[in-house]
Amino acid sequence: MGKISTYAIDGTPTITDKVIGTDVSDSNITKNYTIGDILGLSTANTLQAVLDTGNTSTTPFNMTTGSSYSEADNLKLKTGGDLTLNGTLTDSVGATNDSTKILGSDALGLPLWVTASSPSIAQVLHASSSSNQAPGGLDTVLQVNFGSGTGTGSDPVMVSGLGDITFNDAGVYFVNAVGFLSRVGSSGGMSTMLFRYLIDGSQVNSVGAISLSTVGITTPETLSFPIRISTPGTVLTFEILRDSSGVDQGGLYPTTTLSTWDDAPSSALTIWKLG
């Protein structure tokens, strides 16, 4: 037998090819071993075993099976991880997007192409007051009312005769409240009117102000804003005040018309719910 280094090299080995070795468990007898049997001794013969050994790859790789695609039971990405998909994307029922849908899920959480829809908006309350609403003096708070009361506890929102606006359902709403500020009596001096809104008794955002120097001019002041209601029973209120920096005149007053149109109220409230 010549030196091993002098034998030809087989450039296409197969798992049935043999190599010579020593069987230490059988009196060190020299034996033949197939390459396939040697490879079968490796503990890293599953993907899990390979990943346990080292789970980082710096080169791209493909998952292939005997079918036309591969399946992954669970695919998780860390926070900030990027996922790039190439090829056809199908949902849990094998459907593809027709370019009009977005990827959502069914009741079991399985991916499903669903029709994209715009949020709806519906008016859920409108109320107004035809009465004079004037504070009783300087620096005296007056809660604005919007009539005798509209809505019940079964409605998404209701308003009492005192002006307490109670949201009975959670959700997102859009509020538009307007007060028609005017001044009656003598025209001497300047009247400073303040207004604000409160949620559950706490002021929200800044106080508004308007100066009234002339009798008989009506100025509408509007507060428009969205509001998210998380807790049913949340109460919204509006207040006005004559500041002592001015004269003791001014308030919310209706306008009586002579045409076929309705009279203009002293205050009006409209609320929409987004769904």
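This passage describes aromatic contacts, salt bridges, a strand hairpin and a surface patch in a predicted model.

Six aromatic pairs are found in the structure. One of them is formed by Y197 and F238, whose rings adopt a tilted arrangement with a centre-to-centre distance of 6.1 Å and an angle of 40 degrees between the planes. This pair links distant parts of the chain, since Y197 belongs to strand β11 (residues 191-199) and F238 to strand β14 (residues 234-242), with the two positions 41 residues apart in sequence numbering. Both Y197 and F238 are buried. Together with F146 and F225, these two residues make up one aromatic cluster.

Strands β11 and β14 are also connected through charged side chains. R196 and E239 meet in a salt bridge with an N to O distance of 2.9 Å. Because R196 lies in β11 and E239 in β14, this contact ties together parts of the chain that are 43 residues apart in sequence. The two partners differ in their accessibility class: R196 is partly exposed, with a relative accessible area of 26%, whereas E239, at 15%, falls under the 20% limit and therefore counts as buried.

In total, four salt bridges are identified in the whole structure. Among them is the contact between R242 and D248, for which the N to O distance is 2.6 Å. R242 has a relative accessibility of 7% and so counts as buried, while D248 is partly exposed at 39%. A further salt bridge joins the side chains of K101 and D98 at 3.0 Å, N to O. In this case K101 is partly exposed, with a relative accessible area of 27%, and D98 is likewise partly exposed, at 42%.

K101 also takes part in a strand pairing, where it stands opposite T115 in β4. Strand β3 (101-105) runs antiparallel to β4 (residues 111-115), and five bridges join the two strands. The strands form a hairpin with five residues between them, and in the turn G109 has a positive phi of about 85 degrees.

On the surface, a nonpolar patch is formed by L77, L83, L85, L89 and L103, which together have about 480 Å² of accessible area. Within this patch, L89 is located in the loop between α2 (47-53) and β3. Its relative accessibility is 41%, so L89 counts as partly exposed; this value is also over the 30% required of patch members.

Conventions
Residues numbered from 1 in each chain as written. Predicted model: local features only at pLDDT ≥ 70, side-chain atom pairs only at ≥ 80, totals over all residues. Heavy atoms only, no water. Phe/Tyr/Trp six-rings, centres within 6.5 Å; stacked < 30°, edge-to-face > 60°. Helix = DSSP H or I, 4+ residues; strand = E, 2+ residues; numbered from the N terminus. Buried < 20%, exposed > 50% of the residue type's maximum accessible area, 1.4 Å probe, protein only. Patch = residues over 30% accessible without salt bridge, like charges linked within 9 Å, V, L, I, M, F, W, Y side chains within 5 Å. Areas by Shrake-Rupley, 256 points an atom, 1.4 Å probe, with all protein chains shown as cover. Pairing = 2+ DSSP bridges.
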